Amino acid sequence: MITIECEKVSKSFGPRGSPHRTVALDNASIDIERGELLCFIGPSGCGKSTLLNIIAGLAEPTSGEVLIDGTPVNGPLPRKIAFVFQESALFPWRTVIDNVKLGLAFQQVPKGERDDRASEALQAVGLADFANHYPRQLSGGMKQRVQLARALCLGTDILLMDEPFAALDEQTRMVMGEDLSVLLARTGKTIVFVTHSLVEAVFLADRVAVFTARPGRIKTVLSVDEEHPRKQSFMKSAKLAEMRNELYDLLHDEVRKTMELRGEAGESGARAQSRGLRR
Amino acid sequence: MSMNVDSSRSLRPPRSLVKRRPRREERRLSPGMARILVILAMVAAWEIGARFFGDPLFVAPPSQVAVALVGLLGVKGVMIAVGMALLELVVAFAVAVVLGVAIGLAVGLNRFWRGALYPIIVTIYAVPQSTILPLFVLLFGIGAATKIAFGITHSVFAVILTLIAGIQNIDPTLLKCARAMGANRRQVLVSVILPSLVPTIFTGMRLAMAGVLLGVLLAELYVSSAGVGLYTQTFANSMQPAKLFALVTLLAAAAVILNELCRMAEARFTRWHS
């Protein structure tokens, strides 16, 4: 069953008719099945985060619309959608547990239930011992786990994640990816996950939507036929390597195009590429 | 390199040739002690300067000031004047902070009013207010009202401007995050905006304290027919520098204590910060 429908969603920034107006997203359409994990991947500025924000109701499309369970999105849907941000979106003056509880408080969940659900979520991400720490006392990986706990405890059907591991080092994100796969396999949530990492996309996703360079369109959608939770063996498999290579070929030209638009590619093109495409 | 102990030792230059930095526990002088020594040196310089080189009609050495200070504590009129000045400081500070935060929030949170009023506030803030002190006396008389009003105008604009700047610096991700989790306007204000502004409000309070001290004391000294101004005028005119210095010391001590209280409250309420 389809739960999220994006119908010809476009988004432009800047004043209408101005030469500075940029089209970030151009007629992006995709249907997202209930319970699947979909990754958005594409060059910087291709509008993948923009589309995610539009699905969340945090940004308005210039044209087109997004339907959640058949109803057009018209602002945030806190009971249906939880959002995990790229940068640490934790409230620095609140302890870990109070950060997790905040969303429940906004939605007027009774106090006792709030405590239970927040503790349970912290347990699930392995941070029960850090309930009374402040965010500044946590590592980057731990902060993102807290964000995940906060999103999970809201009990939404849909989880949107905007490059949640972007600020983490490769080894941390590897472990985070494995943990996420185990955790999410249990919840049965519909998940849309924005990433720059080819391996992360293949390792986590049921399907990978590849975006073109700006103006962003969905170029193609790849299916990853592998059971959840994904195992370490899958990370090392020829199948994953093959799909990563396929993604690499699909993205290579788009990334180069993006770099050339910005005047970044040239003699140092090879280096620029490896910066744009984390392999 | 060989692990042999003797050979590794022989690689080191002889001890006498190396200027070794003393380890922390070996250092005899701590920064705190050095500070006290500097202060003592300054007082000593003042004492010697005033005793042997100064004109006793205009300067008094600290030893005499200390004696005069004890004497002043027994003079009822002086104590009432200082107490009155303190009261004016506290009232002006409280009004400036409350008013400043309220106006700062109202103007800063509303894009329209921020655009309309911000330049006006900046302009008023830039006016050197001592030029209009006589107007305050005309308007409010020579009592506490003038001093409080002058203290407020010296501080309220700093609070407003600090708050407006602080509002602009609120992390947009936190606002977005609260919205995504279903916060309504009131919840955003209470759970995101106000806590984000706590360090800003304390910065404003520190500026307000400095402004209030300036404004109130300036008005106190200007209006010399009563209060602290009367006594400073009297002591200066009758060539009693020890008493004058003692009174100034008293006021300075009050200022230091008020600033310190402010700083302690800030440390208490922004522990999560840094």
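**Exercise 1. Determine the handedness of the crossing of α4(B) and α10(B), then describe the contact.**

Solution.
1. The model is predicted: local features need pLDDT of at least 70 and side-chain atom pairs count only at pLDDT 80 or more, while totals for chains, interfaces and linings use all residues. Residues are numbered from 1 along each chain as its sequence is written, chains are lettered from A and ligands numbered from 1 in the order in which they are written, and side-chain values use heavy atoms, with hydrogens and water left out.
2. Locate the helices: α4 covers residues 76-108 of chain B, and α10 covers residues 185-222 of chain B. (Helices are DSSP runs of H or I, at least four residues; strands are runs of E, at least two; both are numbered from the N terminus.)
3. The two axes come within 8 Å and cross at roughly 140 degrees. (Axes are lines fitted to C-alpha atoms, for helices over the stretch in contact; angles run from 0 to 180 degrees between N-to-C directions.)
4. α4(B) and α10(B) are therefore oblique to each other. (Under 35 degrees is roughly parallel, over 145 roughly antiparallel, 65 to 115 roughly perpendicular, the rest oblique.)
5. The crossing of α4(B) and α10(B) is right-handed. (Right-handed: the near helix is turned clockwise from the far one by less than a right angle; left-handed: anticlockwise.)
6. On the α4(B) side, the contact includes Ala85(B), Leu89(B), Phe93(B) and Leu105(B); on the α10(B) side it includes Leu194(B), Ile201(B), Met205(B) and Val216(B). (Contact: heavy atoms within 4.5 Å.)
7. Glu88(B) of α4(B) and Glu220(B) of α10(B) also take part. By class, the contact of α4(B) with α10(B) has 16 nonpolar, no polar and 2 charged residues. (Nonpolar: Ala, Val, Leu, Ile, Met, Phe, Trp, Tyr, Cys, Pro; charged: Asp, Glu, Lys, Arg; polar: the others, Gly among them.)

**Exercise 2. Describe how α12(B) packs with α4(B) and with α11(B).**

Solution.
1. α12 spans residues 241-269 of chain B; it packs with α4(B) at an angle of about 30 degrees, the axes being 11 Å apart.
2. α4(B) and α12(B) are therefore roughly parallel, and their crossing is right-handed.
3. Among the residues in contact are Val78(B), Met79(B) and Val82(B) of α4(B), with Leu250(B), Leu258(B) and Cys262(B) of α12(B). The contact of α4(B) with α12(B) counts 11 nonpolar, no polar and no charged residues.
4. Turn to α11 (residues 227-237 of chain B): its axis lies 8 Å from that of α12(B), at an angle of about 150 degrees. This makes α11(B) roughly antiparallel to α12(B).
5. Val228(B), Tyr231(B), Thr232(B), Phe235(B) and Ala236(B) of α11(B) meet Lys243(B), Leu244(B), Leu247(B) and Leu251(B) of α12(B). The classes here are 7 nonpolar, 1 polar and 1 charged.

**Exercise 3. Give the strand order of the open sheet of 4 strands in chain A, and place α1(A) against its strands.**

Solution.
1. The order is β2-β1-β4-β5, with antiparallel pairing. (Two strands pair if DSSP finds at least two bridges between them.)
2. At the edges are β2 (22-33) and β5 (71-72) of chain A, each pairing on one side only.
3. Between β1 (residues 2-13) and β4 (residues 63-68) of chain A there are 5 bridges, and Cys6(A) stands opposite Val66(A) in β4(A).
4. Lys8(A), also in strand β1 of chain A, has a positive phi of about 45 degrees although it is not a glycine.
5. Helix α1 (residues 48-56) of chain A lies across β1, β2 and β4, at about 120 degrees to β1(A).

**Exercise 4. Do the same for the open sheet of 6 strands in chain A.**

Solution.
1. The order is β6-β7-β8-β3-β9-β10, and the pairing is mixed.
2. β6 (81-84) and β10 of chain A each have a single partner strand, so one side of each has no neighbour in the sheet. Neighbouring strands are turned by 15 degrees against each other on average, direction ignored.
3. Strands β3 (residues 37-41) and β8 (residues 190-195) of chain A run parallel and are joined by 5 bridges; Phe40(A) stands opposite Val194(A) in β8(A).
4. α1(A) packs on this sheet too, touching β3, β6, β7 (158-162), β8 and β9; its direction makes about 150 degrees with that of β7(A).

**Exercise 5. Locate Pro215(A) and Pro229(A), and state the form of the peptide bond that leads to each.**

Solution.
1. Pro215(A) lies in the loop between β9 (207-211) and β10 (218-223) of chain A. The bond from Arg214(A) is cis, with omega near -5 degrees.
2. Pro229(A) lies in the loop between β10 and α7 (232-235) of chain A. The bond from His228(A) is cis, with omega near -10 degrees.
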